[in-house]
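Student: Please take one threonine side chain in this model and look closely at what surrounds it. Then set that part beside the other features that can be picked out.

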Amino acid sequence: MKFRKRTMVIAVASLVCAGGSIAGLSAFLLSRFDAGGTTRTIRGSVAIEYGHYGNNTAGCFGRGGYDDLHVGTRVVITDATQRVVGVGEITATDERDWRCKLLFQVEGVPADSDFYSVIIANRDPLEVSAAEASKPLDLSLGR
């Protein structure tokens, strides 16, 4: 009888802990959205001017002082309070008109901020308004 009683106590304790974990996870997920639950995808490109990039069969990439810019480079979005609200990466490149365009997309960004900062690699934040963030961004480096 002692064995069954101990098993029952462990089972109930496990359910209580699991319930707490599920509640905590639910609260975290709900906190990622504003009151309306709306999110946006912030997408765009950052261009590197001629002379600052190289290319190969995989596409173009930064050189010299721009060698941190390539497919896979991290893109961080912060809101007006400087809270990180989204993380993505450069996913593709497009080379034309003597420019290397590095394309990025960050999904699930809460749509409740008046402006956002886009941080590519460890570079200075580039501030954009909410209106600008609703359209593809066209950023540039090396001018």
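Tutor: A polar contact here is a pair of N or O atoms within 3.5 Å, and within protein one of them must be able to donate a hydrogen and the other to accept it. The model is a predicted one. With that cut-off in hand, take Thr93, whose side chain reaches the backbone nitrogen of Cys60 at 3.2 Å. That distance lies within 3.5 Å, so the pair falls inside the distance limit for a polar contact.

Thr93 belongs to strand β5. Its relative accessible area is 21%, which makes Thr93 partly exposed; the class of buried residues ends under 20%. Leaving out residues up to four places away in sequence, Thr93 touches Ala58, Gly59, Cys60, Val71, Lys101 and Leu102. Cys60 is thus named twice, as a residue touched by Thr93 and as the owner of the backbone nitrogen that the Thr93 side chain reaches. For Val71, the separation from Thr93 is 22 residues in sequence, while the C-alpha atoms are 7.2 Å apart in space.

A second threonine, Thr73, sits in the loop between β3 (59-62) and β4 (74-78). Thr73 counts as buried, at 5% relative accessibility. A polar atom of its side chain lies 2.8 Å from the backbone oxygen of Asp68. Asp68 also appears among the residues that Thr73 touches, with those up to four places away in sequence not counted; the others are Gly88, Glu89, Ile90, Ile120 and Ala121.

Ile120, touched by Thr73, leads on to the nonpolar interior. The largest nonpolar core has 26 residues, and Ile120 is listed with Ile77, Phe104, Tyr116 and Val118 as having the most contacts inside it. At least two residues of this core come from each of β1, β4, β5, β6, β7 (115-120), α2 (130-133) and β9 (137-141). The most is given by β6, with five residues. Strand β5, one of these contributors, is also the strand that holds Thr93.

The last feature is aromatic. One aromatic pair is found in a search of the whole structure. Tyr50 and Trp98 form it, edge-to-face, with 4.8 Å from centre to centre and 90 degrees between the planes. Tyr50 is in the loop between β1 (39-49) and β2 (53-56) and Trp98 in the loop between β5 (84-96) and β6 (99-110), so the pair ties together parts 48 residues apart in sequence. Both partners are exposed: Tyr50 has a relative accessible area of 56%, and Trp98 one of 60%.

Technical notes
Residues are numbered from 1 along each chain as its sequence is written. This is a predicted model: local features need pLDDT of at least 70, side-chain atom pairs count only at pLDDT 80 or more; totals for chains, interfaces and linings use all residues. Side-chain values use heavy atoms; hydrogens and water are left out. Rings of Phe, Tyr and Trp (its six-membered ring) pair if their centres lie within 6.5 Å; planes under 30 degrees apart count as stacked, over 60 as edge-to-face and the rest as tilted. Helices (H or I, at least four residues) and strands (E, at least two) are DSSP runs, numbered from the N terminus. Buried means under 20% relative accessible area, exposed over 50%, partly exposed in between (1.4 Å probe, protein chains only). Contact means heavy atoms within 4.5 Å. A nonpolar core is a set of buried Ala, Val, Leu, Ile, Met, Phe, Trp, Tyr and Cys residues joined through side-chain atoms within 4.5 Å.
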